[in-house]
Amino acid sequence: MRTLETTNISGSVSEFILLGFPCCRDIQVLLFVIFSLIYLLTLMGNTSIICAVWSSWKLHTPMNILLANFSFLKICYVSSDVPKMLANIISQTKSTSYAGCLLQFYFFFSMCAAEAFQVPSVMSFDRFLDICRPLQYPTIMTHRLCAWLVVFCWTGGFLCLLTPLTLISQVPFCGPNTIDYFLCALAPLLALSCASVSGITLICGIISSLIIFLTFLYILGTYFCVLSVVLQVAPGSGRHKAFSTCASHLAVACLFCGSVMVMYVSPGSGDYPGMQKFVTLFYALATPFFNPLIYNFRNKDMKEVLEKILNVLLREISKGFKS
């Protein structure tokens, strides 16, 4: 089996052409403006959550610390593909190197896997302990456990994609080198191979299915326990608060798991490349954008701290204009 270097030398492909969104120039400029705006708002929204947690002792709770890590993951996640996508939209060549394409695949989908681990570990597990084991919550969900959860999510995500990366690096690409996609994804890459890739497709499919279905089943199991406990609580503010908190977590979980399942699990999804491109764009660009909106609307303490930070910034800006 050949290494990355020998594959690149023996094959005739040294770079790939990412078509992205082939359309007229005016539409491409419009897409560039829209995607750039969403990207900047995503960076600002998730950075604001990190700053709020870092600046306020009131938010130094396990859940908010994990939420700040989740926002940092979203920033890395969206930055692994959107800048290159924006550059290709306005570029005439739209090319990316062989090594750069594999690195984008690895980092983007590693962070997808890390997010899949983050959903059950951060949301479901924390809500399960807080609602079903409230007396044991302070002793179980410690800062030490938070640190281990963060390490588990990041390490697990990057380790899971090592096997697919190794397998893809051994695939010979003899040409053509045009990918009708906006990032280096698995299916478009393997479609350019000049050798049989059925075994690689099967192995990668098993890995992605295990990650998706195991985390999804974990979410269903933990929230089933949570809802069974919440429904036993007498109607009042306690039940409403529990439902409100769980709703925001489930919304984020559904945004991610739903789009990924449609992309990789739905029968015949590979027969509709346009739909695949749209769904990939949705979870690559839209889900990181909605993350701070969902949590800010549901987290009262977070909203208060963000309002204070915004007021301070506005005062500093007004002083700058006066001077």
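User: I'd like to learn to read the sheet here. Which residue in E2 is the bridge partner of glutamate 15?

Analyst: Happy to help! In this predicted model, glutamate 15 has serine 97 of E2 as its bridge partner. The general idea is that strands of a sheet pair through backbone hydrogen bonds, either parallel or antiparallel. Here, strand E1 covers residues 15-18 and pairs with E2 in the antiparallel sense, over three bridges. Along the same pairing, phenylalanine 16 faces threonine 96 in E2.

User: Thanks! And in which sense do E1 and E3 pair, parallel or antiparallel?

Analyst: E1 and E3 run parallel, joined over two bridges. Look for leucine 18, which stands opposite isoleucine 179 in E3.

User: What is the order of the three strands in the open sheet?

Analyst: Read across, the order is E2-E1-E3, and the pairing is mixed. Strand E2 (95-97) and strand E3 (178-179) each have a single partner strand, so these two form the edges, with one side of each left without a neighbour in the sheet.

User: Let's try a helix residue. Is threonine 215 buried or exposed?

Analyst: Here the guide is relative accessibility: a residue under 20% is called buried. Threonine 215 counts as buried because its relative accessibility is 6%. You will find threonine 215 in helix H10, which spans residues 198-230.

User: Which backbone oxygen does the side chain of threonine 215 reach?

Analyst: That of isoleucine 212, at 2.9 Å. A pair of N or O atoms has to lie within 3.5 Å to be a polar contact, so check the distance between the threonine 215 side chain and that oxygen when you view the helix.

Terms used: Residues are numbered from 1 along each chain as its sequence is written. This is a predicted model: local features need pLDDT of at least 70, side-chain atom pairs count only at pLDDT 80 or more; totals for chains, interfaces and linings use all residues. Side-chain values use heavy atoms; hydrogens and water are left out. Two strands pair if DSSP finds at least two bridges between them. Helices (H or I, at least four residues) and strands (E, at least two) are DSSP runs, numbered from the N terminus. Buried means under 20% relative accessible area, exposed over 50%, partly exposed in between (1.4 Å probe, protein chains only). A polar contact is a pair of N or O atoms within 3.5 Å; within protein, one must be able to donate a hydrogen and the other to accept it, and residues adjacent in sequence count only if both atoms are side-chain atoms.
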